[in-house]
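Thanks for coming. I have one structure today and a few items to go through, so let us put it up.

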Amino acid sequence: MSGLPNPLHWLHAAVVVLMVIGLYVVVARGNLIKKLVGLGVFQTSVYLLYIAPGKVFGGSAPIIAEGITVYSNPLPHVLILTAIVVGIATLALGLALVVRIHEEYGTIEEDEILDRDGPA
Amino acid sequence: MSLIVDTASWLLILAGGFFCIAGAFGILRFPDLYTRMHAAGVLDPFGVSLILAGLMLQAGLTLVTVKLAILILFLGLTSPVACHALGRAARHRRLKPLLAAKEDR
Amino acid sequence: MIDALIYGALILLLIATAIGMARTRSLFAVVALGGIYSFLMALALLVLDAVDVSMTEASVGAGISTVLLLGTLYLTRLHETLPIRLSPAPLAMSVITGLALLYGVVHLPPFGDPSTPMHRHVAPRYLEDVVRETGVPNAVTAVLASYRGYDTLGETTVIFTAGIGVLLLLRRRRRQPSDGKDKAGR
Amino acid sequence: MMHREAIPRVVVKLLIPFLLLYALYVQFHGELGPGGGFQAGVIVATAVILYGLIFGLAEAKRIVPPRLIEVLVPLGVVIYAGVGFAGLLAGGNYLDYFVLDPDPVHGQERGIFWVEVGVLVTVSSTMTAIYYAFSGRGR
């Protein structure tokens, strides 16, 4: 790494910014729904981090056709395709837990839940 | 011939882009929900339809053109209904429109 | 090259939307911004040639997850109680994590370079042999269902398990307080 | 007298057949173009959710009964795993599609088809079940 990095590296670096925002929301905000949304941001930034290196300049979508020779890499697409659907399933599970917590505690704020439980 | 088609399609795409940007400005600049809804609900489907029409000219007489035409049809069907539902929800929550007379006072 | 420019612009929009989500207290607005975020993500994936993934993200992220989040908001509440302010400790933690990631990420090969190792090993084998071996031109479908069928079987089982979990948590009617069988400890 | 929500009801009734048709297209055209079981499953679930949002949960449950959904959720995984066992029975390995047909390429196509059907059934029914669970909760 001598001198300025190639500008094309910065694209991967920009994805890290998204990841930091998601992580910050998960850690800093006390609202459970907000935490789940932050987790979603974190998750989608991982999608980009996987798929962006699979792109080839001048390539096309990996559907084999006549007259096309350069394709982008199909492997990350497969991994992330399933990750998205698993992501929504886990999001639903998290939201179900939030609904149950709200029914038992009457709140979805972390500190209020801890207050209600009292000193352990 | 292809020059004419290309020019026409680019004109349509650029006009569509202009209308979409105008709609976005409307959402930012208008004062209350009903006027903003007007900007988004009228300009956006129109702009997107123009873009799709431009793409239809690019695609020529293929299956893609038929798909794009179906897209325009469904856009014209769903977008006003979404706007209608939004407006009804706002009325249901008793959101008052911002009237000019009030501002003058 | 134009791909990189469009992708960069979309990432900037994504970052702006994410910051907006972090700074908004009304959860309803957060969910609406989340829908915008998912559509932008679908566009970015489309620019990266991942058409299947883009389609999934548009229907899952902007469709189903928005519906689920709105349903949860209806069942719980619409606003955060804590005011929005920068909390130093979590910020420091996430920025330090980000810097560590950045150190790793800048060593990745540049965007769009066709000569990187990941394009020279497994992928060409799939792309060259997929039609001859499976007769399916969409390489993503073939890899998903055939070459990596075990993975997908596992993912399908995860979805199944999560669905069962949600049903177990939410299907039962709310218990009456008098029915204190499970609440003896509280 | 017109129903209070006549406009959304009419349009949704018009849209839902096209949504289901689109889901089938995505499912069965997924081998040639973008698409596949995951996407088609989500689109089917979207059709049910749209119907439930506009016509009410009870009406959606009348058309797609929760009992049916609870059978379909495991059935999809069973179809997927069954394709694997079919490979075993035909004398190959687990999830080996080459042995499913005398012509190996045809066998692959057949295996991919049924695996995608399994994914479609699981994803669509799980998403519908999750929607039912959330909206049936009430405040």
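I start in chain C, just past helix α2(C): that helix is followed by Asp49(C), which has a positive phi, near 70°. This is a predicted model, so please hear every value as computed from it. The helix itself covers residues 27–47, which is 21 residues. From its first C-alpha to its last, α2 of chain C reaches 30 Å, close to the 30 Å expected at 1.5 Å a residue.

Next, the contact of chain D with chain B. Nine residues on the chain D side are in contact with seven on the chain B side. About 750 Å² is buried between these two chains, and carbon and sulfur atoms give 74% of that area. Which residues of chain D lose the most area to chain B? They are Arg4(D), Val11(D) and Leu15(D), together 46% of what the chain D side buries.

On polar terms, the rule finds zero salt bridges across the interface of chain D and chain B. One residue pair is in polar contact there, with both residues at pLDDT 80 or more. The side of chain D that touches chain B divides into seven nonpolar residues, two charged and no polar ones.

Last, the aromatics. Over all chains, the count is 13 aromatic pairs. One of them is Phe57(A) with Phe111(C), edge-to-face, at 5.7 Å centre to centre and 75° between the planes. Why does this pair join two chains? Because Phe57(A) sits in the loop between α2 (32–51) and α3 (74–105) of chain A, while Phe111(C) sits in the loop between α4 (88–105) and α5 (117–120) of chain C.

That is the end of my slides.

Definitions and conventions
Residues are numbered from 1 along each chain as its sequence is written. Chains are lettered from A and ligands numbered from 1 in the order in which they are written. This is a predicted model: local features need pLDDT of at least 70, side-chain atom pairs count only at pLDDT 80 or more; totals for chains, interfaces and linings use all residues. Side-chain values use heavy atoms; hydrogens and water are left out. Contact means heavy atoms within 4.5 Å. Buried area is the accessible area (1.4 Å probe) that two parts lose on being put together, summed over both. A salt bridge is a side-chain nitrogen of Lys or Arg within 4 Å of a carboxyl oxygen of Asp or Glu. A polar contact is a pair of N or O atoms within 3.5 Å; within protein, one must be able to donate a hydrogen and the other to accept it, and residues adjacent in sequence count only if both atoms are side-chain atoms. Ala, Val, Leu, Ile, Met, Phe, Trp, Tyr, Cys and Pro count as nonpolar, Asp, Glu, Lys and Arg as charged, and the others, Gly among them, as polar. Helices (H or I, at least four residues) and strands (E, at least two) are DSSP runs, numbered from the N terminus. The expected span of a helix is 1.5 Å times one less than its number of residues. Rings of Phe, Tyr and Trp (its six-membered ring) pair if their centres lie within 6.5 Å; planes under 30 degrees apart count as stacked, over 60 as edge-to-face and the rest as tilted.
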